[in-house]
Amino acid sequence: MAIYAACLWLGSGVTSSPIVLTSNGDDDLRSTVPVQTLPSGPTDPSEIGQPLTEEEFHSNITTYKDASELDSSEKKIPDELLHQLWGGDIMTLSGDKNAVVDPNSLWPNAQIPYVISASYTPDQRRVIGYAMNEYHTKTCIRFVPRTNQNNYIYIRRDLNVGCWSYVGMNGNGVQDVSLPDYCVSYSYPGSVIHELMHATGFQHEHQRPDQQYYINVNYPNIRPDNRQFFNPFKPNVVNTLGLPYDIKSVMHYPSSFMASNPSIPTMVARSGDLNLGNLKGFTKLDTQKINKLYNCRY
């Protein structure tokens, strides 16, 4: 089973380190939504835009917001999408494969071929370029324009379908990374970095097996059908790469994530810190984990 991830963390601070699935994951990670209900690649060549330019890669993104500053239009995730996405932003494929530690689920030579929708605005392209360049300057991952590669990502702007990505390379050809308007902003470029880190092969930090030593989860304030997204993975299902838990990670969801009552946190750090995760971008541990997963020196 291949897995994909969607960004529900806009508007609720982000704080944990990435988790990598192993090849013997449990079946409870499966999505119950038929794959055919989900978008899959461009349907017409005119949908594909030009590759990002060097100028767009080197855009200066400086206007950040904290999660608490986002208005409702900037953090709305369609409720119906929650039933399609594992953890709020991870897409799954039916089948037997659910590995991202499996070498076949890593992108060869740390290169991720991409095509991008032609519908993005110049400002949105700069935000996406900035996010990709963060990988280029801090890790060995390289996003390269797709030529004839069979496996590649399609960065799509579809409205009202949520921010989400598959986890790792699913090996079935084109795989979507959904970045609608509210996910692509100068105010929180970390949302793009988050989804691309899923595509690179990482799960959410707050579901590490050692979760209980770093955060407390307030299950009574979480809707029953969403509580599974807070359950830690079993030690035989994930690989934490031997690196510490990171409550500030771009892959950690915020303290108000999926709260029934938004005034009451769903997660609190054992230290009492409510400022979990971040919307800006990588922590040092995030980049260490990417480089360790891909066995690169940086």
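**Backbone outliers, strand β6 and the nonpolar cores**

Leucine 241 is located in the loop that lies between β10 (238–239) and β11 (267–269). In this predicted model, the phi of leucine 241 is near 65 degrees, a positive value in a residue that is not glycine. Most residues other than glycine have a negative phi. Leucine 241 has a relative accessible area of 11% and is therefore classed as buried, the limit for that class being under 20%. Asparagine 109, likewise not a glycine, has a positive phi of about 60 degrees, and its place is in the loop between β3 (90–92) and β4. With a relative accessible area of 73%, asparagine 109 is exposed, whereas leucine 241 is buried.

Strand β4, which spans residues 111–116, runs parallel to β6, and the two are joined by 3 bridges. Within this pairing, tyrosine 114 stands opposite isoleucine 153 of β6. Strand β6 also pairs with β8 (residues 174–178), again in the parallel sense, over 5 bridges, and here the bridge partner of tyrosine 154 is aspartate 176 in β8. The side chains of β6 are divided between two directions, with Tyr152, Tyr154 and Arg156 pointing one way and Ile153 and Ile155 the other way, and all of these residues are buried. Because 5 of the 5 residues of β6 are buried, this strand is largely enclosed by the rest of the structure.

Isoleucine 155 of β6 also has a prominent place in the packing of nonpolar side chains, since the largest nonpolar core comprises 46 residues, of which Ile128 and Ile155 touch the most other members. The elements that contribute two or more residues to this core are β4 (111–116), α3 (122–138), β6 (152–156), α4 (190–200) and α5 (284–293). Among the contributing elements, α3 gives the most, with 6 residues. When residues up to four places away in sequence are not counted, isoleucine 155 touches Tyr114, Val115, Ile116, Ser117, Tyr120, Ile128, Met132, Val177 and Leu179. These contacts include Ile128, the residue named together with Ile155 as touching the most other members of the core, and they also include Tyr114, which stands opposite isoleucine 153 in β6. A second core, separate from the one just described, consists of 13 residues, including Phe229, Phe230, Phe257 and Ala269.

Notes. Residues are numbered from 1 along each chain as its sequence is written. This is a predicted model: local features need pLDDT of at least 70, side-chain atom pairs count only at pLDDT 80 or more; totals for chains, interfaces and linings use all residues. Side-chain values use heavy atoms; hydrogens and water are left out. A nonpolar core is a set of buried Ala, Val, Leu, Ile, Met, Phe, Trp, Tyr and Cys residues joined through side-chain atoms within 4.5 Å. Buried means under 20% relative accessible area, exposed over 50%, partly exposed in between (1.4 Å probe, protein chains only). Helices (H or I, at least four residues) and strands (E, at least two) are DSSP runs, numbered from the N terminus. Contact means heavy atoms within 4.5 Å. Two strands pair if DSSP finds at least two bridges between them.
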